[in-house]
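Me: I have a chain here that I'd like to talk through, mostly its salt bridges. Could you take my questions one at a time?

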Amino acid sequence: MSFLARRATAAAPSLARAFSASARRDIAKITLVGNLAATPELKATSTGRDIIEYAVASNSGPRDNRQTSWFRVAAFVEEGPRRDFLTSLPKGATVYVEGDAQMNSYTDAEGKPRSALSIYQKNIEVLRRPTPAE
């Protein structure tokens with residue numbers, strides 16, 4: 001056996017997740033900074049659990065050729081002050097959102113295959129609230 005082959009097989013056990021006792025989970029993380037498209041809405045799921053949905057607009061590119069990307073975000077927040085805070089955020093507030101991202105594939109009403117990015121909020125911070133118009 002060559003030196004490189006022995007080294008690769010000897011190093012393989014060290015690649016295991018020795019630092020964690022939990023099962024491995026493949027999950028994508030995403031961080032967004034942008035403006036709320038509207039005030040977050042509280043909705044009920046088919047299982048009766050409440051969910052808060054909102055959209056974040058993030059701009060990129062030079063001012064004369066700016067592109068806007070829209071992200072739909074869902075949050076499962078129990079009833080209380082955190083939920084009240086989130087649902088009271090005004091349109092245009094600049095937010096920092098950390099969450100889990102998941103791609104979902106489906107077929108639309110016309111029979112075309114589609115995909116959508118689902119973002120599930122883990123943390124949100126308000127960076128700036130819009131100033132009220134006078």
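Me: Thanks. To start, is Lys29 buried or exposed?
Reply: Keep in mind that this is a predicted model. The cut-off for exposed is over 50% relative accessible area. Lys29 comes in at 60% relative accessibility, so this lysine counts as exposed.

Me: And what about Asp100, buried or exposed?
Reply: Here the cut-off that matters is under 20% relative accessible area. Asp100 has 8% relative accessibility, so this aspartate counts as buried.

Me: How far apart are the closest N and O atoms of Lys29 and Asp100?
Reply: A salt bridge needs a side-chain nitrogen of Lys or Arg within 4 Å of a carboxyl oxygen of Asp or Glu. Lys29 and Asp100 do form one, and their closest N and O atoms are apart by 2.8 Å.

Me: Which strands does that pair link?
Reply: Lys29 and Asp100 are 71 residues apart, so the pair links distant parts of the chain. Lys29 belongs to residues 28–36 and Asp100 to residues 94–107. Those two stretches are strands S1 and S5.

Me: Now Lys43 and Glu53: what separates their closest N and O atoms?
Reply: Lys43 sits in strand S2 (residues 41–44) and Glu53 in strand S3 (residues 50–60), ten residues apart. Lys43 is partly exposed at 37% relative accessible area, and Glu53 is partly exposed too, at 32%. The two form a salt bridge, with the closest N and O atoms apart by 3.0 Å.

Me: Which residue forms a salt bridge with Lys112?
Reply: Lys112 is partly exposed, with a relative accessible area of 42%. Its partner counts as exposed, at 62% relative accessibility. The closest N and O atoms of this pair are 3.6 Å apart, and the partner is Glu110.

Me: Which residues are joined into one network by salt bridges that share partners?
Reply: We've already met the salt bridge between Lys29 and Asp100. Salt bridges with shared partners bring in Lys122 as well. The network is therefore made up of Lys29, Asp100 and Lys122.

Me: How many salt bridges does a search of the whole structure find?
Reply: The ones we've discussed include Lys43 with Glu53 and Lys112 with Glu110. A search of the whole structure puts the count at seven.

Me: Last one: in what order do the elements run from the N terminus on?
Reply: The chain has two helices and six strands. Written from the N terminus on, the order is α-β-β-β-β-α-β-β.

How values were computed. Residues numbered from 1 in each chain as written. Predicted model: local features only at pLDDT ≥ 70, side-chain atom pairs only at ≥ 80, totals over all residues. Heavy atoms only, no water. Helix = DSSP H or I, 4+ residues; strand = E, 2+ residues; numbered from the N terminus. Buried < 20%, exposed > 50% of the residue type's maximum accessible area, 1.4 Å probe, protein only.
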